[in-house]
Amino acid sequence: MVKLEYTVLNAFTTSSKHGNPAAVIVLPTPDQINENDLFSAYPPTQALQKVATHLNYPMTAFLLPLNTDGRYALRWIDPGTEVQLCGHATVALSEYLFSKEGAPGRLELETVKHGKVVSERLENPLKKGDMRVALDFPEILGFRDIEKSSEEWSAINDGLAEVAKKEIPIAQLRKNDHYLIVELETGFDMSATGLPLNMEKLVRPLSDV
């Protein structure tokens, strides 16, 4: 039996009582890497799913170290299934890896569905000494704009307001078969104070909210 250690980090906050939690698990470095199938060295999917379901966080990120410093294979699995892409868990795992002594300032994360995701530790241009995680995701195609006058916009707006327990100033909504992009109005406070989230409702589909 292999013992796996995990770390839980809350993304988008500096408080343990707020933000969006994700578990981060760094798997043992494999003896050999098949560059034609980076994910062949992972444990069986059923075993990973069992771990993610047991931990029961909104997302668990499973990292597999590859043959270069700062390069990992990455899979995101929630309590129910493996997902194609997860931003908050990528922020969490990046912060975890960047906090290690001698860590590189750039991570290359090879994903199953979306190619390479790049994460960097960069200084906030508006505040000297304030280091932030910057993510570069591959382009995802097939998005359509949701009209502000539509019932779909109203349903999403009402659902997000219930999740945050307040009205959210939405500038634009875009959606494809798998993802929903919510662009907020400029200047909106994204801190835990400005955007208090009901995490139990956030992990439910908007159609159920």
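Here are some exercises on this predicted model, each with a worked solution.

Before you start: residues are numbered from 1 along each chain as its sequence is written, and side-chain values use heavy atoms, with hydrogens and water left out. Because this is a predicted model, local features need pLDDT of at least 70 and side-chain atom pairs count only at pLDDT 80 or more, while totals for chains, interfaces and linings use all residues.

**Exercise 1. The overall picture**

Find how many helices and strands the protein has, and what percentage of its residues is buried.

Step 1. Go through the DSSP runs, numbered from the N terminus (helices are H or I with at least four residues, strands are E with at least two). You get four helices and 11 strands.

Step 2. Now sort by relative accessible area: buried is under 20%, exposed is over 50%, and partly exposed is in between (1.4 Å probe, protein chains only). Buried residues make up 37% of the 209 residues.

Step 3. Finish with contacts, meaning heavy atoms within 4.5 Å. Take those between residues at least 6 apart in sequence: 52% of them join residues at least 24 apart.

**Exercise 2. The largest nonpolar core**

Work out which residues touch the most other members of the largest nonpolar core, and which element gives the largest share.

Step 1. Recall what to look for: a nonpolar core is a set of buried Ala, Val, Leu, Ile, Met, Phe, Trp, Tyr and Cys residues joined through side-chain atoms within 4.5 Å.

Step 2. The largest one has 22 residues, and Leu63, Trp76, Leu93 and Leu109 touch the most other members.

Step 3. Strands E2 (20–26), E3 (60–65), E4 (71–77) and E6 (106–111), along with helix H2 (87–98), each give two or more residues to this core. H2 supplies the largest share, with six residues.

Step 4. Zoom in on Leu63. Leaving out residues up to four places away in sequence, its contacts include Val24, Tyr42, Leu74, Leu93 and Leu109.

Step 5. Don't miss the second, separate core: its 13 residues include Ala23, Leu48, Ala52 and Leu66.

**Exercise 3. Stacked, tilted or edge-to-face?**

Classify the pair formed by the rings of Phe39 and Tyr42.

Step 1. A pair of aromatic rings is described by the distance of the centres and the angle of the planes.

Step 2. Set the rules: rings of Phe, Tyr and Trp (its six-membered ring) pair if their centres lie within 6.5 Å; planes under 30 degrees apart are stacked, over 60 edge-to-face, and the rest tilted.

Step 3. A search of the whole structure turns up one aromatic pair. The centres of the Phe39 and Tyr42 rings are 5.9 Å apart and their planes are at 20°, so this pair is stacked.

Step 4. Place Tyr42: you'll find it in the loop between E2 and H1. Tyr42 is buried because its relative accessibility is 7%.

Step 5. Tyr42 and Leu27 are 15 residues apart in sequence, and their C-alpha atoms are 8.2 Å apart in space. Beyond four places in sequence, Tyr42 is in contact with residues including Leu27, Phe62, Leu63 and Arg75.

**Exercise 4. Buried, partly exposed or exposed?**

Sort Thr60, Pro43, Asn56 and Leu107 into these classes.

Step 1. Thr60 sits in strand E3. With 0% relative accessibility, Thr60 is buried. Its contacts beyond four places in sequence include Ala23, Ile25 and Trp76.

Step 2. Pro43 belongs to the loop between E2 and helix H1 (45–55). Its relative accessible area is 32%, so Pro43 is partly exposed. Leaving out residues up to four places away, Pro43 touches Leu27, Leu48 and Arg75.

Step 3. Asn56 is in the loop between H1 and E3. Its relative accessibility is 54%, so Asn56 is exposed. Asn56 also has a positive phi of about 65°, although it is not a glycine.

Step 4. Leu107 is part of strand E6. At 2% relative accessibility, Leu107 is buried. The C-alpha atoms of Leu107 and Val118 are 5.7 Å apart, with their positions 11 residues apart along the chain as the separation. Leu107 touches Val118 too, as well as residues including Gly70, Tyr72 and Phe98.
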